[in-house]
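Welcome, and please open your viewer for a short tour. We will go from stop to stop, and at each one I will tell you what to select.

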Amino acid sequence: MSNVEQSYDYVIVGAGVAAASAVKGIRSQDASGRVAVIGSEPDKPVYRPVLSKDLWLKDDETLEGASLAGDLDDDDAVDLVTDTTVTEIDPGAHVVRLADGGSVGYGKLLLATGAEPRVLAVDPGPRVIYYRTAADYQRLRAVATEGSHVAVVGGGYIGSEITSALVQNGVQVTLVLDLEDVQEQMFPRALAATLTKAFADRGVTVLHGSVESGQEDDGGVRIRLADGTSVTADAAVIGVGVLPRTGLAEAAGLEVDNGVVVDDHLRTSDPDVYAAGDVASYPDALLGRRRVEHVDHAEKSGEHAGKVMAGADEAYDYTPFFWSDILDYGYEAVGETRSDLDLVEDWKDGEVGTGVVYYLKAGQVRGVLLWNVWDSVDQARALIEETGKKPVSDPESLRGRIPLG
């Protein structure tokens, strides 16, 4: 930490997308304030979606090209410090303490600590990858060569994206699902089943069951399922969700409830401490309090927190969206997209291929899935806002509200 001063106007804990965006927000209000960005990962901030998308699918994409550190490195008033762990926040003293025994003072503090992968009874190692970081990408890329075999555990957002990326790189994939179909907790049953079949048609071996144990074994990985089935592969990618990194906030006495609780200015229960990105539980202007684990929110909330920390008096009133590409399919979505809500499906020509899914609760559209339907996120937001004020009495009337193209 020799290149870090003892005190800064702004300290950001975490060095991901939200942190890099926060510096941009600070600079929009304060051209010269001293900033420290302290990250526990060895790598500098990177645009995280490329780790499961473009780096696998575009020949000209590189980790260096996905770096978000350029503006930070070029700013003499910003110290970006990686591979350094913050062990304690002391809001009363306006200090953060570090694992190496050092401490750093702050005027305003941003928690951009993100989320950490849920862990199964499979020890992480060079070939067992809880996929999240640039280092994870590099480890998987080294093993997942054409003709290799990778086991992917989990059929949610990251599991489906990684499976899609690997298949398109000539990797043999065994996909282990604890539910019947891919993305079943998000997609309607017919769509989830269509995706699962699409993976199988591309040569993916789909197994159902829960993981009992696993370890690296003779240069590969062996995964054992509860029914006694075992899978041997060159590597295993485990993507079974994440948990917000709230430990520092809890220990500091900040309000925590499924994330660090913030107000509409992204301020925590301490007036000089803010939170943004995956870790923040914030009051969404259209949907009420929620926590969002996608990059659009990390960018927008990080930048907004930076602005407010540096003096802006603006509420964060943005409802973020997210997107993905899976094999030959692509989608954008906004709001709450859980398959346990009331669903209205509007498919072009009545076939699962191009369509819009509306997710409702008590007559309000809580979320919209735009499946192979583009440039319609703003319409989806408007519909969420409209039905929040005046719920629909006939959900079926939603069909056609967003054109299918």
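Start by selecting Ser376, which sits in the loop between β25 (364-371) and α9 (377-389). Keep in mind as you look around that this is a predicted model. Ser376 has a relative accessible area of 4%, so it falls under the 20% limit and counts as buried. Setting aside residues within four places in sequence, show Leu370 and Ile402 too: Ser376 is in contact with both.

Next, pick helix α5, residues 157-167. How many of its eleven residues are buried? The count is nine, and the helix is mostly covered. Among the buried ones are Gly159, Glu161, Ile162 and Leu166.

Now move to Val242, in strand β16 (residues 242-244). Val242 is buried, at 16% relative accessible area. Add Gly114 and draw a C-alpha to C-alpha distance: Val242 and Gly114 are 9.4 Å apart in space, though 128 residues apart in sequence. Beyond residues up to four places away in sequence, Val242 touches Ala115, Glu116, Pro117, Arg118, Arg132 and Glu293.

One of those contacts, Arg132, leads to the next stop. Select Arg132 with Asp278: they form a salt bridge whose closest N and O atoms are 2.6 Å apart. Arg132 lies in the loop between β8 (128-130) and α4 (134-143), and Asp278 in the loop between β18 and β19 (280-284), so the pair ties together parts 146 residues apart in sequence. Arg132 counts as buried at 18% relative accessibility, and Asp278 counts as buried at 10%.

For another salt bridge, select Lys108 and Asp272, with closest N and O atoms 2.8 Å apart. This pair also links distant parts of the chain, 164 residues apart: Lys108 is in strand β6 (residues 103-111) and Asp272 in the loop between β17 (260-261) and β18 (273-275). Which partner is buried and which partly exposed? Asp272 is buried at 18%, while Lys108 is partly exposed at 22%.

Then try Glu396 and Arg399, a salt bridge with its closest N and O atoms 1.9 Å apart. Glu396 is partly exposed at 41% relative accessibility, and Arg399 is partly exposed at 41%. Elsewhere, select Glu336, Arg338, Asp340 and Arg366 together; salt bridges with shared partners join them into one network.

Finish at the surface by selecting Asp264, Asp313, Glu314 and Asp317, which form a negative patch. Center on Asp313, in the loop between α8 (295-309) and β21 (321-326). Asp313 is exposed, with a relative accessible area of 68%.

Technical notes. Residues numbered from 1 in each chain as written. Predicted model: local features only at pLDDT ≥ 70, side-chain atom pairs only at ≥ 80, totals over all residues. Heavy atoms only, no water. Patch = residues over 30% accessible without salt bridge, like charges linked within 9 Å, V, L, I, M, F, W, Y side chains within 5 Å. Areas by Shrake-Rupley, 256 points an atom, 1.4 Å probe, with all protein chains shown as cover. Salt bridge = Lys/Arg side-chain N within 4 Å of Asp/Glu carboxyl O. Lys, Arg positive; Asp, Glu negative; His and termini not counted. Charge placed at Lys NZ, Arg CZ, Asp CG, Glu CD. Helix = DSSP H or I, 4+ residues; strand = E, 2+ residues; numbered from the N terminus. Buried < 20%, exposed > 50% of the residue type's maximum accessible area, 1.4 Å probe, protein only. Contact = heavy atoms within 4.5 Å.
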